[in-house]
Amino acid sequence: MTTETMDRPGTVAAVVSRISTEGEDARLLRLELPEAAAFSWRPGQFVPVTLPGSELAPRHYSIANPPQDAGAVEFLFERRGPLAEALFRLSGGESVELGAPVGKWTFRDEDRHAVLVSSGTGVAPLRAMVRYALEKGLPNKLDLFYSDRTPGRLLFRRELEEAAERGVGVHLSVTEPEGLWEEGQFWDGPRGPVTVERIREAVGELSGVAVYMCGGGKLIDALRPGLKAAGVQDDAFRVEKWGDY
Ligand SMILES: Cc1cc2nc3c(=O)[nH]c(=O)nc-3n(C[C@H](O)[C@H](O)[C@H](O)COP(=O)(O)OP(=O)(O)OC[C@H]3O[C@@H](n4cnc5c(N)ncnc54)[C@H](O)[C@@H]3O)c2cc1C
């Protein structure tokens, strides 16, 4: 993995080419990489992001698109603190400084049955993994469990519906189901966070699956002992904790 030296050694200047709203509160930024940049990544990796000219400390963002989508990277984020707030103010055309992709938490082709678990923006790298596997035509079985607060906040809904049509098990749930799912249509799907019971019910035997979990530590810590008790092997946990929330 290498990056061409641009403004600072080991970094590239990428240009914001598209900004879209995901769910109710999140943004998806697409950044074009310089043509000459040798910038490659594995699904699951993240990059340090800096806003040139700002005093704000860099933050890590997971690459939300698959490596087959070479030439541009996508990041998904919500308003959280100062850097995320500044990223929200971008309007397109700005330059953003990216470090080289890093992280060992990456999708392994040999995981023939992968259970992917997240809540909130933790779904970003899982989206990269799902798209990677589909675009590569991998025979792997994938089951994605993703919960968010309200139906309207669910991220990548349309894409996940398409993935479901292509054979991915997509299991969505919301913890505050009162909001509308579609105009005039209330949520009638599962309620509550991702639980071990829900995973067992949908997947069945867990002793042969690899479990990828990403995002805030609370959900990960809540699920791990139960998944282990339900048969997931110690060496089958693939975990990326972003923080303690
Ligand atoms: C490996 C890694 C990958 C990451 N990938 C992403 C990503 O793809 N998308 C993303 O939105 N964030 C991601 N984060 C978190 C991100 O780096 C920032 O912390 C976040 O965007 C807020 O940055 P900030 O400077 O605005 O505020 P900070 O000062 O960093 O955070 C403000 C508060 O928000 C909380 N917080 C930070 N991120 C989240 C979140 N995603 N969900 C809920 N609470 C949060 C923090 O714990 C803190 O209390 C990742 C973190 C790591 C370590």
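The legends below describe close-up views of a predicted model of one protein chain.

In this predicted model, local features need pLDDT of at least 70 and side-chain atom pairs count only at pLDDT 80 or more, whereas totals for chains, interfaces and linings use all residues. Residues are numbered from 1 along each chain as its sequence is written, and side-chain values use heavy atoms, with hydrogens and water left out.

**View 1. The two domains of the protein chain and the area buried between them.** The domain assignment, which is automatic or taken from a database, gives domain 1 (11-99) and domain 2 (113-243), and the C-alpha centres of these two domains lie 23 Å apart. Contact, meaning heavy atoms within 4.5 Å, joins 23 residues of domain 1 to 19 residues of domain 2. The two domains bury about 1,700 Å² between them, 56% of it on carbon and sulfur atoms, where buried area is the accessible area (1.4 Å probe) that two parts lose on being put together, summed over both. Within domain 1, the residues that lose the most area to domain 2 are Pro43, Gln68 and Leu76, which together make up 27% of what that side buries.

**View 2. A salt bridge between Glu74 and Arg127.** The side chains of Glu74 and Arg127 meet at 2.7 Å, N to O, a salt bridge being a side-chain nitrogen of Lys or Arg within 4 Å of a carboxyl oxygen of Asp or Glu. Between domain 1 and domain 2 the count of salt bridges is three. On the side of domain 1 that touches domain 2, strand S2 (26-32) and strand S5 (72-78) each supply at least two residues, and S5 gives the most, with four residues; strands are DSSP runs (E, at least two residues) and helices are DSSP runs (H or I, at least four), numbered from the N terminus.

**View 3. The surroundings of Ser62 in strand S4.** Ser62 lies in strand S4, residues 59-62, and counts as buried at 7% relative accessibility, the term buried meaning under 20% relative accessible area (1.4 Å probe, protein chains only). Leaving aside neighbours within four places in sequence, Ser62 is in contact with Gln45, Phe46, Glu74, Phe75, Pro125 and Trp242.

**View 4. The backbone at Phe156.** Phe156 lies in the loop between strand S8 (141-148) and helix H3 (157-165), and has a positive phi of about 55° although it is not a glycine. Phe156 is also buried, with a relative accessible area of 2%.

Methods: Buried < 20%, exposed > 50% of the residue type's maximum accessible area, 1.4 Å probe, protein only.
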